[in-house]
Amino acid sequence: MYKVDIQTDLKEAAAIEARRNREKQRQSRIFNARYRTMGVDVEGLKSQVEEQILRENAEKQRDDAFDADRVQYDKIAQMLEEEERQRKRQLEQAVVKFREEKQQPSMSREWDIHDPEVVRKGSPARVSDDDPRCGPSSMQRFGGEDLQAPARHKLQKEQNKRVLEEQKTERERDLADQKYADILEGKKRIELDQRALELARLEEECRRAKAMATANFNRAQAAEEAQQQRLAQQREQDDNYAEIQNHLTGDILTENPDVANSLMGPHRVIPYRWKGMTSAQMEAIWKMQAEQCMENQRLREAERQRDAEWEQQQHLAARAALEMEVQEQNFRLQLRKSQDAYNKELADAQKSNLRYLEKEVYTNAPTAQYYLQFNTSSR
């Protein structure tokens, strides 16, 4: 398993999560009655389209970077697989060569059993009357006549010696084979460790290159943003200087009353240039305020009289309302009794009808799971 598989899983998980978010947003729009009946926000849709385009461009750039990394990792993996096939081929060739040189069938201890030339190489069934292979049933030798005991003992010792030497040689060969296998296994482990270190080094180089590219991009953006901020500050400072100069040389700070005269008539002024009222205008305003105070006092006296009359009317109306409320309570009590009797009759009829529906008509009532299946998707 290589690193490219992890990148594919992350991309698929991100796509699934994006689809889920879009489905939730669609459900929130469709299930919102107010939004569905009043229409859609065109500006909001435009901003969403722009955000989607920016997001797609960012995803495309990220996918291109992932594709480049994936291609590089695939090339590295192919190179490593080719090296592994070469090593495996060399090891198999070495094993075949060892078997051809050291493990011939004629070198095994059981070769005399499987030798196809054993009959031609073997001796006849009987060579002479003193043939040691002839047993008692052959009437050639009898019990107690062991004439070949020394030769047999010598032959047995030689055979034991030869068997021991063969066992020793076999054991040394097994030890050599085991040692050679251990050496091959150690070399293979070293090669695997070196390949893991090489992959880690390549991955670290890719990560550093990506981080360096990201840092360069961020620095370029930071420099561009700083330049834009400096230009904006310079423009703002120039505008402030111009505004200050206009205020210093304008008619507002020079206190020129003629600048407030409007071209629409002598009785009209320009509000943002007006310097204040004259003494005649102030006296007229004070006179008008005194008249307004007297008028307000007269209105308050009339309102006090009207409130007194309203209070008397409310008192009389409250007494009449109390009497009507007593009559209404009596009427409600009688009406309540008649309604209780009528409701009891309706309840009995409804219970009998409900009992009939539950036992005769509605024998298969839907469960809560039946109602949970509605309004679960926007499609």
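By class, 5 nonpolar, 5 polar and 9 charged residues form the lining of the largest pocket in this structure, which is a predicted model. The space in this pocket comes to about 580 Å³. Its lining counts 19 residues, and those closest to the pocket centre are Ala18, Arg22, Gln52, Arg55 and Glu59. Two helices, α1 (3–30) and α3 (42–102), each supply at least two residues of this lining. Of the contributing elements, α1 gives the most, with 11 residues.

The second largest pocket holds about 320 Å³ of space. Here the elements that give two or more residues to the lining are α3 and α6. Its lining is made by Glu84, Arg87, Lys88, Gln90, Leu91, Ala94, Tyr180, Leu184, Glu185, Lys187, Lys188 and Glu191. Sorted by class, these residues are 4 nonpolar, 1 polar and 7 charged. Helix α3 thus appears in the description of both pockets, as a contributor to the largest and to the second largest.

A word on the overall architecture helps to place these pockets. The secondary structure comprises 8 helices and 0 strands, so that reading along the sequence gives the pattern α-α-α-α-α-α-α-α. The chain has 379 residues, of which 6% are buried; for a residue to be counted as buried, its relative accessible area must be under 20%.

Charged side chains also feature in the pairings found across the model. Side chains of opposite charge can pair when their charged atoms come close. A search of the whole structure returns 18 salt bridges. One of them joins the side chains of Asp69 and Lys210, with an N to O distance of 3.3 Å. This pair links distant parts of the chain, as Asp69 belongs to helix α3 and Lys210 to helix α6, 141 residues apart. The two partners can be set side by side in terms of accessibility: Asp69 counts as buried because its relative accessibility is 17%, under the 20% cut-off, whereas Lys210 is partly exposed, with a relative accessible area of 41%.

The surroundings of Lys210 can be followed a little further through the backbone. Ala65 and Lys210 are 145 residues apart along the chain, yet their C-alpha atoms are separated by 9.0 Å. Ala65 is found in helix α3, the helix that also holds Asp69. At 32% relative accessibility, Ala65 counts as partly exposed.

Other salt bridges lie within a single helix. Glu82 pairs with Arg85, and the closest N and O atoms of the two residues are 2.5 Å apart. Both residues are in helix α3, where their spacing of 3 residues means that about one helical turn separates them. Glu82 is partly exposed, since its relative accessibility is 33%, and Arg85 is likewise partly exposed, at 43%.

A further pair is found in helix α7. Arg332 forms a salt bridge with Glu328, again with the closest N and O atoms 2.5 Å apart. The two residues sit 4 residues apart in this helix, about one turn. Arg332 counts as exposed because its relative accessibility of 52% is over the 50% threshold, while Glu328, with a relative accessible area of 36%, is partly exposed. Elsewhere, salt bridges that share partners connect Glu83, Glu84, Arg87 and Glu191 into one network. Among the members of this network, Glu84, Arg87 and Glu191 also line the second largest pocket, which ties the charged network to the pocket description.

The surface has a nonpolar feature as well. Met277, Ile285 and Trp286 make a nonpolar surface patch of about 300 Å². Met277 is found in the loop between α6 (149–249) and α7 (279–361). With a relative accessible area of 38%, Met277 is partly exposed, and it can therefore be part of a patch as far as accessibility goes, because patch residues need over 30% relative accessible area.

Note on methods: Residues numbered from 1 in each chain as written. Predicted model: local features only at pLDDT ≥ 70, side-chain atom pairs only at ≥ 80, totals over all residues. Heavy atoms only, no water. Patch = residues over 30% accessible without salt bridge, like charges linked within 9 Å, V, L, I, M, F, W, Y side chains within 5 Å. Areas by Shrake-Rupley, 256 points an atom, 1.4 Å probe, with all protein chains shown as cover. Salt bridge = Lys/Arg side-chain N within 4 Å of Asp/Glu carboxyl O. Buried < 20%, exposed > 50% of the residue type's maximum accessible area, 1.4 Å probe, protein only. 1 Å grid on protein atoms, 1.4 Å probe; cavity = no way out; pocket = protein on both sides within 12 Å on 5 of 7 lines; lining within 4 Å. Points joined across faces, edges and corners; volume = space filled by probe spheres on them. Nonpolar A, V, L, I, M, F, W, Y, C, P; charged D, E, K, R; others polar.
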